[in-house]
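Colleague: I'd like to learn how to read a chain-to-chain interface. Could you walk me through one?

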Amino acid sequence: MDRPPVFAISLQSITKAFGSTVALDAVSFDVTAGHAFGLIGPNGAGKTTAFSIIAGYLHPDSGLSLVLDHDSRAIDVLKARLAVLPQDALLPTYETVGEFLVHMAHLQGIETGAEAAARQSLAEVEGADWWSRRCGKLSHGMAKRVALAQAFLGKPEVVLLDEPTAGLDPKIAFEVRALIKKRKGRCTLVISSHNLHELEEICDAAAILDHGKIVAAGTMEDLTAATREIRITVARGPLPMDKVRALPGVTRADYVGQERALTVHFDATGGDAEDMIGQVLTLLLSEKIRISGVMKGKGLEQRVMELTD
Amino acid sequence: MSAVAEIKWTCLRELRRNLRSAKGIAMSVLFLLGGGAASLIYAAIAEIALRKDIPAEAIREQRQKVWENVYDDLGIGQYLSHAPLFFVAMFKALWWLIPFLTLMIGFEQVCADLQHRSIRYDVVRARRWSIVTGKSIAIWLEVSALVLGLNVFVWIVTMIRGDASFAVTLSWGGRLWLLNVVYIATWAGLTVLMSSLTRRPILALFMGLVVFSGFALGDLSTWALTKAAAVDPTWWASKLAPARYAFPGFYQQWVVTPKAPEMISGIVILLAFGAASTAAACWVVNRSDV
């Protein structure tokens, strides 16, 4: 029996240009099977292009895009194993939600029980009541959920989600995030999004793109330096910086008075992040310093800001 | 799942979409009105013939002369003289109209999906070529059904008037309709090809009108060249006349002949035109970024 691939997705030196604009320049990264993976970057960074190449929508000019060890466009093999929520694809206005989902189920090979599978998928996005509605009559939020239902149809092994919460009001965005989280662990998820807090919350790993190149890739902990850095916000300074720097394992400590933020960098000799938080907080509290907040790492947002123009 | 199943599901969806859309309904009504109008014209002509009290055999001889002159072929004239005149006339009229009717029905079939990117939902589930083939077959079936509706109108009027028996009506009407169906396959393929060349439906329609008009003009021009070459074989027209084979319209002469090999060849060539055009559309979509 074939062993399941270690990497659900593997981009190898992908280059794609649109006219004179190079959207992706020799981009490579792997997505571990079963992980939730984020594609991050500012507008024009190339994340939608990378996403579209993985989905088989675009042809790379050079390089290899593999999904489950097959070329992204090998639909005969990937059918029903790869599912996509495209960001800007309109639902067919002439069909009802039910007709659309049943057709999708048929196309991906669910011959018997297509309607049951479609209804189940729609119920999963809490849209069971929309079965007979025309797709053209759905609100943006409803259409997004129907699109999500088609992505969750059947049991796909890899689900690509392009901006799953873009344009949704906070309540619906929260619900959509909850739906995605429910899928986590059941399949490999690749999420392209501008919402960094969302990605930080959902993803195990990510790649940060800028100007068509990968500027950083790795686990979320690596990217946010969560295993090497802690940030503590205090009510008021000054802080005993010499004592902080003298703590075992601390390699560097900085205090920015304006932000009232203490950043402590450490190595493995100080234990893990939780040990270091304990040590620093004990020291600060013993000095009668009031604590406003504690964070492992620097936060994805700050990391992205540092890495991209 | 096999490609055949993908084609089937795509085809069924496109039929549902077309017959339900405002354009599809409007086209259906137009076809029925066309059938009604054709029936009225037929009834009027038949009435004149009746008033003149022309014997049936004389009418058949007249028909033979007409079709002999039109097709420039004694065999075809004799063969078609047994068919109700109006059936053949309608077959000939549809031969010119079918390209444009097919274009009107199918011009947006591929390009609208590319424009709105709704094709993205399909291409992760089905082979691109089976999606395009399914769309092409759907256009073929729909136009064939509409042309059948138009024909049935005329058949019913013919039978009610007692101008042809049920057997003759069904035999000739069915035969000529089936030949139209073969011809529709050609234009369904060409329509889907036009539709795959752009993402803008209006551009696909415009391109289709230009190309299909070009085919019609090309067919007419090469027909005229053939006539000229017959009068003066040394004329340069004889060199250009073989270009007629490139135009699907030319094969009307082949499909209405009583000579089986020629008729089969005509049918095969027209179907091949359709298949080749659909294959070209598949190739275009397969190479495209969607």
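Colleague: How many residues does each of chain A and chain B bring to the contact?

Modeller: First, a note on the model: it is predicted, so local features need pLDDT of at least 70 and side-chain atom pairs pLDDT 80 or more, while totals for chains, interfaces and linings use all residues. Residues are numbered from 1 along each chain as its sequence is written, chains are lettered from A and ligands numbered from 1 in the order written, and side-chain values use heavy atoms, leaving out hydrogens and water. Contact means heavy atoms within 4.5 Å; here chain A gives 36 residues and chain B gives 26.

Colleague: What area is buried between chain A and chain B?

Modeller: Interface size is often given as the accessible area lost when the parts come together. Summed over both parts, with a 1.4 Å probe, that is about 2,900 Å² here, 52% of it from carbon and sulfur atoms. Tyr57(A), Tyr94(A) and Leu107(A) supply 23% of what chain A buries against chain B, more than any other three residues.

Colleague: How many salt bridges cross the interface of chain A and chain B?

Modeller: Look for a side-chain nitrogen of Lys or Arg within 4 Å of a carboxyl oxygen of Asp or Glu. That rule finds seven across this interface. One of them joins the side chains of Glu95(A) and Arg16(B), at 2.7 Å from N to O.

Colleague: Which classes of residue make up the side of chain A that touches chain B?

Modeller: Nonpolar covers Ala, Val, Leu, Ile, Met, Phe, Trp, Tyr, Cys and Pro; charged covers Asp, Glu, Lys and Arg; the others, Gly among them, are polar. This side has 19 nonpolar, eight polar and nine charged residues.

How values were computed:
Buried area is the accessible area (1.4 Å probe) that two parts lose on being put together, summed over both.
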